[in-house]
Amino acid sequence: MIDQAVHLAQQDFAKRQERWKHWSFVYQRGLVEWGVNREGIPSGLARMGYRADRHSMHAEALAFNKAVGLMDRRKPWSMVNVRLGPDRTLRMARPCPVCEAYMRSCGCREILYSLQDGGFGRLVL
């Protein structure tokens, strides 16, 4: 899971103009869908606690919203977050408190996230 997510993020890196290059990948018996930070916050997410005056729609919310119709919500699923710096090295990608709460409410069992030192952390939800 982690190796595939990092590989896909590195392949997609050059296409991204966003300042913060952060990808989220939804896994349930394999990769289901993925998302990357985007400028602007849809009104539905603003009502959930995402601040409209901030930089972007968070990758976690985008990935889950794209995956929801493709997975069995009765089965466990996980997320992998990858953030890459300008030099394409791993950076901290721990979800914000709003994303963590949203993923928990959506049935996510765990979030694996890149760390500044090149490793990965794990949040069990």
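A residue counts as exposed when its relative accessible area is over 50% and as buried when that area is under 20%, with partly exposed residues in between. These words are used throughout the legends below, which describe close-up views of a predicted model.

**View 1. The chain as a whole combines 4 helices with 8 strands.** Read from the beginning of the sequence to its end, these elements follow the pattern α-β-β-β-α-β-α-β-β-α-β-β. The chain has 125 residues, and buried residues make up 46% of them. Of the contacts between residues at least 6 apart in sequence, 54% join residues at least 24 apart. The chain exposes about 6700 Å², and carbon and sulfur atoms supply 50% of that area.

**View 2. Lys15 and Asp12 meet through their side chains in a salt bridge.** The distance from N to O in this pair is 4.0 Å. Lys15 is exposed because its relative accessible area is 61%, whereas Asp12, with a relative accessible area of 5%, is buried. General background helps in reading this view: side chains of opposite charge can pair when their charged atoms come close.

**View 3. Glu110 and Arg122 form a salt bridge between two strands.** The closest N and O atoms of Glu110 and Arg122 are 2.5 Å apart. Glu110 belongs to strand E7 (residues 108-114) and Arg122 to strand E8 (residues 120-124), so that the pair links distant parts of the chain, 12 residues apart. Glu110 is buried, with a relative accessible area of 14%, while Arg122, at 54% relative accessibility, counts as exposed. Elsewhere, salt bridges that share partners join Asp12, Lys15 and Arg16 into one network. A further salt bridge is formed by Arg91 and Asp87, whose closest N and O atoms are 3.0 Å apart, and Asp87 counts as partly exposed at 48% relative accessibility. The search of the whole structure finds 7 salt bridges.

**View 4. Phe25 and Trp34 make one of the 3 aromatic pairs in the structure.** The ring centres of Phe25 and Trp34 lie 5.9 Å apart and the ring planes meet at 25°, so this pair is stacked. Phe25 has 0% relative accessibility and therefore counts as buried, whereas Trp34, at 25%, counts as partly exposed. Trp34 also has a charged neighbour, since Lys66 lies over the face of its ring at 5.7 Å from the ring centre. A similar arrangement involves Phe13, over whose face Lys21 lies at 5.4 Å from the ring centre.**View 5. Phe64 and Tyr102 form an edge-to-face pair.** The rings of Phe64 and Tyr102 have their centres 5.9 Å apart and their planes at 85°, so the pair is edge-to-face. Phe64 lies in helix H3 (residues 59-67) and Tyr102 in helix H4 (residues 97-105), so the pair ties together parts that are 38 residues apart in sequence. Both Phe64 and Tyr102 are buried. Ring pairs link these two residues with Trp77 into a cluster of Phe64, Trp77 and Tyr102.

**View 6. Helix H3 is largely enclosed by the rest of the structure.** This description applies because 7 of the 9 residues of H3 are buried. The buried residues are Ala59, Glu60, Ala61, Leu62, Ala63, Phe64 and Ala67.

**View 7. The largest nonpolar core has 18 residues.** Those with the most contacts inside this core are Val26, Phe64, Trp77, Met79 and Met103. The elements that give two or more residues to the core are H3, strand E5 (77-84), H4 and E7, and the largest share, 5 residues, comes from H3. Leaving aside residues up to four places away in sequence, Met103 touches Glu60, Ala61, Phe64, Trp77, Met79, Cys108, Ile111 and Leu125. Apart from this core lies another, of 13 residues, and among them are Val6, Trp23, Val82 and Leu84. As general background, nonpolar side chains tend to be buried together in soluble globular proteins.

Methods. Residues are numbered from 1 along each chain as its sequence is written. This is a predicted model: local features need pLDDT of at least 70, side-chain atom pairs count only at pLDDT 80 or more; totals for chains, interfaces and linings use all residues. Side-chain values use heavy atoms; hydrogens and water are left out. Rings of Phe, Tyr and Trp (its six-membered ring) pair if their centres lie within 6.5 Å; planes under 30 degrees apart count as stacked, over 60 as edge-to-face and the rest as tilted. Buried means under 20% relative accessible area, exposed over 50%, partly exposed in between (1.4 Å probe, protein chains only). A charge sits over a ring if NZ of Lys or CZ of Arg is within 6 Å of the ring centre and within 35 degrees of the ring normal. A nonpolar core is a set of buried Ala, Val, Leu, Ile, Met, Phe, Trp, Tyr and Cys residues joined through side-chain atoms within 4.5 Å. Contact means heavy atoms within 4.5 Å. Accessible areas come from the Shrake-Rupley method with a 1.4 Å probe; for residues, only the protein chains shown count as cover.
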